[in-house]
Amino acid sequence: MRLSRYFLPVLKETPADAQIASHRLMLRAGMIKQQQAGIYSWLPLGFKVLKRIEQIVHEEQVRAGHIPLLMPTLQPADLWQESGRYDAYGPEMLRIKDRHGRDMLYGPTNEEMITDIFRSHVESYKSLPLTLYHIQWKFRDEVRPRFGVMRGREFLMKDGYNFDLTKEDALHAYNRHMVSYLRTYERMGLTAIPMRADSGPIGGDDTHEFLVLAETGESEVFYDVQVPDLKLGERRVDYDNRDEVAGICEEFTTLYARTDETHDEALFNAIPEERRRVGRGIEVGQIFYFGTKYSEAMGASVNTPDQGKVPVHMGSHGIGVSRLVGALIEANHDDKGIIWPEGVTPFHVGIVNLKQGDVSCDSACEALYRAFVEAGLEPLYDDRAERAGAKFATMDLIGLPWRITVGPRGIASGKVELTSRRTGESEEMSSEEAVEKVA
Ligand SMILES: Nc1ncnc2c1ncn2[C@@H]1O[C@H](COS(=O)(=O)NC(=O)[C@@H](N)CS)[C@@H](O)[C@H]1O
């Protein structure tokens, strides 16, 4: 993309009402525009990151054997009356009447609707196990939306739902989700720690939250300092191998890691003092097992081999896709701006032309641009007639992992300058070497 033809409304000054770094930086970098409290337009740069995150989430859910679909944002109230949650959900639910006076709502989550889909089409245990998921906008009328997209009212969530014949099968689905989440966050360059949590309005008795350590996190967390070092790395996982999957979950949840809701002081104090840590975390996902809570209420049952009929065991599993954009910035920024991990960066490299209009500089930049596109990468070429300082400041603000600077002196000796946004280190090299290093 050429910056002179893009839409990147960066702000000069820091917005006053933005209290945390990610909120300030998303506004300054022209990634979002607030339309109303907790409701945002995703401008091109922000939208690009959102889609990168969505893509990783889809890939890891499909890898775990889960099937994508798409449910509507608007739901009929009667499904929620069946489950008994219509009144229980409270003022967070946005209730709507259509022109015929029908009671509807903007979905805060989809347990009822996915259970309705399941009961309408599945009768036999032979159709199990089945996990369906979608990535869809939700609405929760938060009493105090704040911190930008971190606590929005309209937000994007991956929500997945498993249907199983027995509790044991459903707990394997729970473990499959835990492992797929660990890999998802690692691919984004994030460390998100699974912590036993409280189930809240979703219900159920087994649940873990995934938290990114950040001092601006809303949750207080207590953990063993060895926990953040746990990594899946390049391990290949056979998601159908229950023992293997359970073993990985065991590995990631044996050391102490709890939110304030489930913190156990005695257990925590049993850890050697030098390993105890207290901090704050951003909840970027949560997985639940809640048995037959919805299937019994809504008649979602299957015929079993001995001709009985049993309500299916279920769980629901969410990832905060839009919240992750903010969480990633909280965990990856400095005083000049954002520093995107390579897995989610909107563009892979910035090309800065120090002398727009100079034939040798322009042709070197065009050649670099073409080379990156041919290598399957997305460059952002700052071809504006701006001073070098302004171009560098924009690149630092929007946080692309690499910047290539092309100037008349460098080009005269066949060199360009490659700079790493994360380390700040620069190195002179040929254009070919620079393309190789970034690719
Ligand atoms: N107001 C909000 N703004 C942004 N993200 C949110 C908000 N509320 C929840 N989320 C994200 O959505 C994830 C899942 O939400 S949840 O309530 O924990 N779980 C569910 O709704 C279940 N139905 C999972 S399918 C959370 O972990 C969080 O990352």
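The shell around the ligand is a mixed one: its residues divide into eight nonpolar, eight polar and seven charged. Please keep in mind that this is a predicted model. The shell counts 23 residues, and those that come nearest to the ligand are Thr 109, Glu 111, Arg 140, Gly 152 and Glu 283.

Which elements give two or more residues to this shell? They are strand S8 (154-164), strand S13 (276-291) and strand S16 (313-320). S13 gives the most, with five residues. The ligand itself takes up the space of the largest pocket.

Let us look at some polar atom pairs, first at the ligand and then within the protein.

| Partners | Atoms | Distance |
|---|---|---|
| Gly 285 and ligand | backbone N or O to ligand oxygen | 3.3 Å |
| Gln 286 and ligand | side-chain N or O to ligand oxygen | 3.3 Å |
| Arg 323 and ligand | side-chain N or O to ligand nitrogen | 3.5 Å |
| Ser 22 and Glu 330 | side chain to side chain | 2.6 Å |
| Thr 131 and Arg 176 | side chain to side chain | 3.1 Å |

With these partners in view, the cover over the ligand can be put in figures: taken alone the ligand exposes 600 Å², and the protein buries 95% of that.

**Two side-chain pairs in the protein**

Ser 22 lies in helix H1, which covers residues 21-28. Is Ser 22 buried or exposed? Its relative accessible area is 1%, so Ser 22 is buried. The side chain of Ser 22 is joined to that of Glu 330 by a polar contact of 2.6 Å.

Thr 131 makes a similar kind of story in strand S7, residues 130-139. Thr 131 counts as buried because its relative accessible area is 3%, and the cut-off for that label is under 20%. Its side chain has a polar contact of 3.1 Å with the side chain of Arg 176.

**Backbone features on either side of S7**

The loop between helix H5 (111-121) and S7 holds Pro 129. What is the form of the peptide bond from Leu 128 to Pro 129? That bond is cis, with omega near 0 degrees.

In the loop between S7 and S8 you will find Phe 147. Phi of Phe 147 is near 60 degrees, a positive value in a residue other than glycine. Why do these two spots deserve a look? Most residues other than glycine have a negative phi, and most peptide bonds are trans. Phe 147 also counts as buried, because its relative accessibility is 12%.

**Two loop residues and their distant partners**

Gly 189 is placed in the loop between helix H6 (167-187) and strand S9 (192-196). How many residues lie between Gly 189 and Glu 342 in sequence terms? The two are 153 residues apart along the sequence, yet 7.8 Å apart in space, C-alpha to C-alpha. Gly 189 has 47% relative accessibility and therefore counts as partly exposed.

Ala 375 belongs to another loop, between helix H11 (359-374) and strand S20 (379-382). Here the partner is Ala 439, 64 residues away along the chain, with 7.0 Å between the two C-alpha atoms. Ala 375 is partly exposed because its relative accessibility is 42%, a value that falls between the 20% limit for buried and the 50% limit for exposed.

Technical notes
Residues numbered from 1 in each chain as written. Predicted model: local features only at pLDDT ≥ 70, side-chain atom pairs only at ≥ 80, totals over all residues. Heavy atoms only, no water. Near = heavy atom within 4 Å. Polar contact = N/O pair within 3.5 Å; in protein donor to acceptor, adjacent residues only side chain to side chain. Areas by Shrake-Rupley, 256 points an atom, 1.4 Å probe, with all protein chains shown as cover. 1 Å grid on protein atoms, 1.4 Å probe; cavity = no way out; pocket = protein on both sides within 12 Å on 5 of 7 lines; lining within 4 Å. Sits in = over half its atoms within 2 Å of the grid points. Helix = DSSP H or I, 4+ residues; strand = E, 2+ residues; numbered from the N terminus. Nonpolar A, V, L, I, M, F, W, Y, C, P; charged D, E, K, R; others polar. Buried < 20%, exposed > 50% of the residue type's maximum accessible area, 1.4 Å probe, protein only.
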